[in-house]
Structures are given as structure tokens and as C-alpha cells.
Amino acid sequence: NEGGTDYVVTNPAHGKSRHAHFDWDFGFRAGVGYQLEHDAWDGLLNFTWFQTEASDTTHASGNLTNTRGVYVMNNGTSAKIHWDLDYYVLDFELGRNFFVSKYLAFRPQFGIESAWICQHMHADYAYPALNELHVKAKNNFFGIGPRAGVTATFFINPYWSVVSSVN
């Protein structure tokens, strides 16, 4: 869910706005891990990929006000928006299980994580006096930093356990 996707107010007197609506899309998370022979340390490398887009179009007889770009006037006749989102995360962690008792284990982990989030928005507005107004915006984010956490596992029996994780 992403907020701030409004692009036009269809009835300025009542403040009803239209939004770009994202549908459900598929993504994936793939990883590979390896358990070291010495002291049972394990390493994990995960990659997450997700891409989606949203669009919306509205028409009215001279009663639209844009919410993107420069305020022009409130007598637009049509508006449309298209929004693209690309989300990628790569993380590496190193951890080890410590058994406190026969039924309880803690696994502290630490590592590094990076994320790329790219968003592109394009909105078009039609005004009788101005012809058209085109608004484009983009936000390209890259971040990298440490990650740490601990996972606690309570073994009820050989087939069932309760897991809690803080990252």
C-alpha cells in the first residue's frame, strides 16, 4: 500500500479525490544458505524482487483540480495518471543457533542489507484554456546498512515449534 497517490480532486466543493490504485502483483524472494562446519554458523544471501504499476483516468465537465505539479485552475475536463514502482532488496546475514535448553534456542544474526526503490509517476491534465498540462516525477532510492536481530524458537515436540523473530 502506498499513500500520496492522489492526482486530482473531482469535486472541489466536497474534496473528493481520485487515486492511482495498485492491484496485486507477484514478486519473489530467493535465497541461498550454507552452514559452516565449524561451530555450526550459517550464512544466508537473499534477494527480493517486486515490480508493480498503477493507473487511473477520470473525466468531468470542467470541475477537476490537479494535486500534482503547479496549480493552474480548477476547470479541468480530464486527468490520468500512471505510476511505476520497482523494489529490489539484497541482504546477507550470518547467524548461529544457541540451545539454552532442550526446548529453547536463540539465533542471533547480523549482516548487511541494501535496497533499491525506483518510482516514476506521469500525470496528464486537460484544460480547455491551456490545452494540456503534463507532470512527471521520479524518486530513485538506494540505501545500504547493517542489519541485526535475534530469533527465538520454542520446540513443543519434534513436529511443532513456536518461532519469534526481532530484526
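A salt bridge is a side-chain nitrogen of Lys or Arg within 4 Å of a carboxyl oxygen of Asp or Glu. The model used here is predicted.

**Exercise 1. Decide what joins Glu93 to Arg107, and place the pair in the fold.**

Step 1. The closest N and O atoms of Glu93 and Arg107 are 3.0 Å apart. The cut-off is 4 Å. The pair therefore counts as a salt bridge.

Step 2. Glu93 sits in strand β6 and Arg107 in strand β8, so the contact ties together parts 14 residues apart in sequence.

Step 3. Glu93 and Arg107 are both buried.

**Exercise 2. Extend the search to Arg147 and find which residues form a network of salt bridges.**

Step 1. Arg147 pairs with Glu113, with closest N and O atoms 3.1 Å apart.

Step 2. Arg147 belongs to strand β9 (residues 131-155) and Glu113 to strand β8, so parts 34 residues apart in sequence are tied together.

Step 3. Glu113 is partly exposed, at 29% relative accessibility.

Step 4. The network links Asp42, Glu93, Arg107, Glu113 and Arg147. The whole structure has 6 salt bridges.

**Exercise 3. Trace the surroundings of Asp56, starting from its salt bridge.**

Step 1. Asp56 meets Arg18 at 2.9 Å, N to O.

Step 2. Asp56 lies in strand β5 and Arg18 in strand β2 (residues 16-19), so the bridge spans 38 residues in sequence.

Step 3. Asp56 is buried at 14% relative accessible area. Arg18 is partly exposed at 30%.

Step 4. Asp56 is also touched by Ala79, whose other contacts include Tyr7, Val8 and Tyr125.

Step 5. Ala79, Tyr7, Val8 and Tyr125 are among the residues with the most contacts inside the largest nonpolar core, which has 13 residues. Strand β8 gives the largest share, 4 residues.

Notes:
Residues numbered from 1 in each chain as written. Predicted model: local features only at pLDDT ≥ 70, side-chain atom pairs only at ≥ 80, totals over all residues. Heavy atoms only, no water. Core = buried A, V, L, I, M, F, W, Y, C linked by side-chain atoms within 4.5 Å. Buried < 20%, exposed > 50% of the residue type's maximum accessible area, 1.4 Å probe, protein only. Helix = DSSP H or I, 4+ residues; strand = E, 2+ residues; numbered from the N terminus. Contact = heavy atoms within 4.5 Å. Lists of a residue's contacts leave out its neighbours within four places in sequence.
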